[in-house]
Amino acid sequence: MTVVGPFGLSVRDQALETDVQAGLAAVEAGLLEATKSEVPFITEAAQHLVRAGGKRFRPLLVMLASRFGDPYAPGIVPSAVVVELTHLATLYHDDVMDEADVRRGVASANARWGNSVAVLTGDFLFARASHILADLGPEAVRIQAEAFERLVTGQILETAGPRDGRDPVEHYLDVIAGKTGSLIAVSGRFGALMSGADESVVDILTQYGERLGTAFQLADDVLDIASDSHESGKTPGTDLREGIPTLPVLRLRETAARDGNPDDLELVRLLDGDLTDDAGLADVLARLRVHPALEQARRDTIRYAQDARATLAPLPECFAKSALEELCDAVVHRAG
């Protein structure tokens, strides 16, 4: 058994591992090339998060999806670079909105250079992704544009909050389907599409990516509360401090409103209060870590990961399919 990709994903075939590793190395080189500028400062800022590392979850999915067609087709590596550049760009913008200090274990771009530079660097990465897309053809441009629209819509919906009478949990699941699921769905779609796989296979891997993406974000929600900064690469409780509604908090609010438990109501009151103080945030984190709402969020994560795995059933049995199934298990493992 060998290991490749994020979360120690095991690949049980030497040829597949070799090809995937080669593909990911080519993506890494492509990311560095795409983030170069004639202005040295722009290069430094644009490569800040590239060089910080990361799971490269989306490029890995592109590589595995391409195994259902011609995995050596010329559009595969560039499309993987596009999805990762887009993802990186959103991180620059997210850190500004969240006022985050740490990303991938290093100072966030906004903490290092200020909000304006971080936002403009994200824009620079979007521009470079668009440049690569232009060479992949109009269909690729359309697919990416639709995904990006969904991504931004998800962010806006998160900022606006649920409409009156809308279930907050349902609203939130719609938000993350856009914010996270859309781009991971495109990763599966690009890998299959660029490899020339059958249309039915492209559809399956798109649906798989969408569901896995939701599970992936829900696992992140759990990690924001349950992990330390070494595990997650960012400061625990960042979402809590910024008042961003994540699934464990929404499940807590749901339980508190239904049962009226005084301890739950007190915890909700603390969440709605001032969490800028480190001691106050630590107290809230400690309470949430032992609350049943966190375990319920874990169960929700498992359900979406299982749905993603079930989506793969019609695909032929092969090492790539097994690796995609293991990705579902790996996402669940992240959530504990």
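This is a friendly conversation about how some features of a predicted model are named.

Biologist: What should I know about the model before we start?

Modeller: The model is predicted, so local features need pLDDT of at least 70 and side-chain atom pairs count only at pLDDT 80 or more, while totals for chains, interfaces and linings use all residues. Residues are numbered from 1 along each chain as its sequence is written, and side-chain values use heavy atoms, with hydrogens and water left out.

Biologist: Happy with that. Why is A323 called buried or exposed?

Modeller: Buried means under 20% relative accessible area, exposed over 50%, and partly exposed in between (1.4 Å probe, protein chains only). A323 has a relative accessible area of 2%, so A323 is buried. Its place is in helix α17 (residues 319–334); helices here are DSSP runs of H or I with at least four residues, numbered from the N terminus. A323 and L61 are 262 residues apart in sequence, yet 9.6 Å apart in space, C-alpha to C-alpha.

Biologist: And what is F148 called, given 31% relative accessibility?

Modeller: F148 counts as partly exposed, because 31% lies between the two cut-offs. F148 sits in helix α8 (residues 138–160).

Biologist: What makes F148, V152 and I156 a patch?

Modeller: Patches are made of residues with over 30% relative accessible area and no salt bridge; nonpolar side chains (Val, Leu, Ile, Met, Phe, Trp, Tyr) are joined within 5 Å, and like charges within 9 Å. F148, V152 and I156 form a nonpolar patch on the surface, with about 240 Å² of accessible area together. Such areas come from the Shrake-Rupley method with a 1.4 Å probe, and for residues only the protein chains shown count as cover.

Biologist: How do you know that R150 and E210 form a salt bridge?

Modeller: A salt bridge is a side-chain nitrogen of Lys or Arg within 4 Å of a carboxyl oxygen of Asp or Glu. R150 and E210 meet at 2.7 Å, N to O, so the pair qualifies. This pair links distant parts of the chain, with R150 in helix α8 and E210 in helix α10, 60 residues apart. R150 counts as partly exposed at 36% relative accessibility.

Biologist: What about K179 and E158, how far apart are their closest N and O atoms?

Modeller: They are 3.3 Å apart, so K179 and E158 form a salt bridge too. K179 lies in helix α9 and E158 in helix α8, 21 residues apart. With a relative accessible area of 23%, K179 is partly exposed, whereas E158 is buried at 17%. The structure holds 23 salt bridges, and R251, E254, D300 and R303 are linked in a network of them.

Biologist: What makes a set of residues a nonpolar core?

Modeller: A nonpolar core is a set of buried Ala, Val, Leu, Ile, Met, Phe, Trp, Tyr and Cys residues joined through side-chain atoms within 4.5 Å. The largest one has 95 residues, of which L205, Y208, L240 and L324 touch the most other members. Its largest share, 12 residues, comes from helix α10 (residues 199–226).

Biologist: Why is the span of helix α7 called close to the expected one?

Modeller: The expected span is 1.5 Å times one less than the number of residues. Helix α7 (residues 115–134) has 20 residues, so 28 Å is expected, and α7 reaches 29 Å from its first C-alpha to its last. Among its buried residues are F124, L125 and F126.

Note on methods. Helices (H or I, at least four residues) and strands (E, at least two) are DSSP runs, numbered from the N terminus.
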